[in-house]
Amino acid sequence: MIHDATNHGTGFIHHINSCENMRLLVTGGLGFIGSNFIRYMYSIHQDVEIINLDKMDIGANPANLRNYENDERYTFIRGDIADRKLMDKLIRKVDAIINFAAQTHVDRSIVNPISFFYSNTTGVLTILEAMRNNNRDVKLIHISTDEVYGDILEGSFNENDRLKPSSPYSASKAAADMFLLAYHKTYGLNISIVRPTNNFGPYQFPEKLIPKTIIRASMNLSIPVYGRGTNIRDWIYVIDVCRAIELVLERGGSGEIYNVSAGNERTNLDIVKTILTIMDKPKDLIMFVEDRPGHDVRYSLDSSKIRSELGWIPKYSFRDALEMTVKWYIENKWWWKPLVNEKILHPTPWRLRW
Ligand SMILES: NC(=O)c1ccc[n+]([C@@H]2O[C@H](COP(=O)([O-])OP(=O)(O)OC[C@H]3O[C@@H](n4cnc5c(N)ncnc54)[C@H](O)[C@@H]3O)[C@@H](O)[C@H]2O)c1
């Protein structure tokens, strides 16, 4: 149900008071955050209907939502957000779109930048064109990233800071954010941008730092750490991000950007050491490897806007969430075993051909 849908580029809050009885188009819902979001929404809102559109690209895994395959509230469509005809059709049927669809692995973007531009920028532009031409009442929540700001040695970025992406991945995400803001201003489209920091939790593809460390440690393999492991990321449990997205969907302002961070800044070396401690594995598994080119030193976001305007606060402590995550990977080998191979667990994936 949409109320107060009168905003046309004024920045006023565009309320959807509740997600009950809504029909959502979730794009990229077979990936890590998207599948957690769908599971989270069904756990909170019994009547929400979800169409999940996913290209089944790298990162997608149907096993993430296996339990919902026969649920009448759930429809899966294999397709591409850059397919204009498909987007025209789907956008007429829904109240809101939550766009998670993207190519997401920075290391791969260094090897193959063009495919990142295709999904992350052209794909978003296609969604915007479909909205402009078919359904201007639909609300779009776009999941951007802290990486669009680039790195920061001291202090934290707020939503008004300029964008200075470092990798082809973050450049493609920043370009999409620019189009979103331009379409809001020029055509009055109802869009909100969510910029979370590094997520972790269940169902994250094994090539990312935390799952890769847990999986390699569980096999007593060495744990690769880029450079000296001093790069800092601000970590957040995926369910806290799902809660933030739900709030922005219900009460976020049109044309507004919301940083989402939990204040868990850790060096990569700290992360790896903490995981080894939780798993009771020796620290001499750690192996320092050549650093990734263009590796940002530190990311840090100021999330006071979403906290003060929408009342969001993170619910999970870093240590508890990391322990839950380690436990999940240990108990769900069936999930990750079919996904891993030498390439996925490679110590320096940005050196490989993909
Ligand atoms: N994981 C993080 O730590 C993190 C942090 C900040 C922002 N984000 C953003 O959140 C979103 C989701 O990230 P994730 O970690 O779940 O990614 P993921 O790689 O696990 O999942 C991405 C999904 O998008 C799908 N996809 C890719 N291109 C598509 C296209 N053209 N059409 C339809 N589907 C397509 C893939 O098949 C996959 O299922 C991304 O936009 C990412 O930039 C992620």
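Which residues come nearest to the ligand, of the 31 around it? The close-up views below start there and then move through the rest of this predicted model.

**View 1. The shell around the ligand.** Of the 31 residues around the ligand, G28, G31, G59, A60 and A102 come nearest. Sorted by class, this shell holds 14 nonpolar, 12 polar and five charged residues. Helix 1 (32-44), strand 2 (49-54), helix 4 and strand 7 (198-200) each supply at least two residues of the shell. Among the contributors, helix 1 gives the most, with three residues, and the next view takes a look at that helix.

**View 2. Helix 1 and what covers it.** Helix 1 is built from 13 residues, and its first and last C-alpha atoms are 19 Å apart, close to the 18 Å expected at 1.5 Å a residue. Its buried residues are F32, I33, G34, S35, N36, F37, I38 and M41. Strand 1, strand 2, strand 4, strand 5, strand 7 and helix 7 are included in what covers these buried residues of helix 1.

**View 3. The open sheet of seven strands.** Follow the strands across this sheet and you will read the order 3-2-1-4-5-6-10, with parallel pairing. Strand 3 (74-78) and strand 10 (256-260) are the edge strands, each pairing on one side only. On average, and with direction ignored, neighbouring strands of the sheet are turned by 15° against each other.

**View 4. Strand 1 beside strand 2.** Here we zoom in on one pairing of the sheet: strand 1 (residues 23-27) and strand 2 pair in the parallel sense over five bridges. Two positions help you find your way along this pair. L24 stands opposite I50 in strand 2, and V26 stands opposite N52 in strand 2. Strand 1 is largely enclosed by the rest of the structure, because four of its five residues are buried.

**View 5. Helix 7 lying across the sheet strands.** Helix 7 (residues 238-251) lies across strand 4 (96-99), strand 5, strand 6 and strand 10. Relative to strand 6, helix 7 runs at about 160°. In the loop between helix 7 and strand 10 you will find G255. This glycine, G255, counts as buried because it has 22 C-beta neighbours inside 10 Å, and 20 or more are enough. From G255 to S303 the distance in space is 17 Å, C-alpha to C-alpha, with their positions 48 residues apart in sequence.

**View 6. Helix 5 and its surroundings.** The 20 residues of helix 5 (residues 168-187) should span 28 Å at 1.5 Å a residue, and the end C-alpha atoms are indeed 28 Å apart, so expectation and model agree. Many names appear on the list of buried residues in helix 5: P168, Y169, S170, A171, S172, K173, A174, A176, D177, L180, Y183 and H184. Covering them are, among others, helix 3 (106-111), helix 4 (113-134), strand 5 (139-143) and strand 6 (190-196). Just after helix 5 comes G188, whose phi is positive, near 70°.

**View 7. N190 in strand 6.** Is N190, a residue of strand 6, buried or exposed? With 25 C-beta neighbours inside 10 Å, N190 counts as buried. Another residue to look for in this view is L140: N190 and L140 are 50 residues apart in sequence, yet their C-alpha atoms are 6.3 Å apart in space.

**View 8. Two residues with positive phi, Y203 and N220.** Most residues other than glycine have a negative phi. Y203 is not a glycine, and its phi is positive, about 70°. N220 also is a residue other than glycine with a positive phi, in this case near 55°. Y203 has its place in the loop between strand 7 and helix 6 (209-218), while N220 sits in the loop between helix 6 and strand 8 (223-226). How do their surroundings look? Y203 counts as buried because it has 23 C-beta neighbours inside 10 Å. N220, with 9 C-beta neighbours inside 10 Å, counts as exposed.

Definitions and conventions: Residues are numbered from 1 along each chain as its sequence is written. This is a predicted model: local features need pLDDT of at least 70, side-chain atom pairs count only at pLDDT 80 or more; totals for chains, interfaces and linings use all residues. The expected span of a helix is 1.5 Å times one less than its number of residues. A residue is buried if 20 or more other C-beta atoms lie within 10 Å of its own, exposed if 12 or fewer, and partly exposed in between; C-beta atoms are placed from the backbone. Two residues are in contact if their C-beta atoms, placed from the backbone, lie within 7 Å. A residue is near a molecule or strand if its C-beta atom, placed from the backbone, lies within 6 Å of it. Ala, Val, Leu, Ile, Met, Phe, Trp, Tyr, Cys and Pro count as nonpolar, Asp, Glu, Lys and Arg as charged, and the others, Gly among them, as polar. Two strands pair if DSSP finds at least two bridges between them. Axes are lines fitted to C-alpha atoms, for helices over the stretch in contact, and angles run from 0 to 180 degrees between N-to-C directions.
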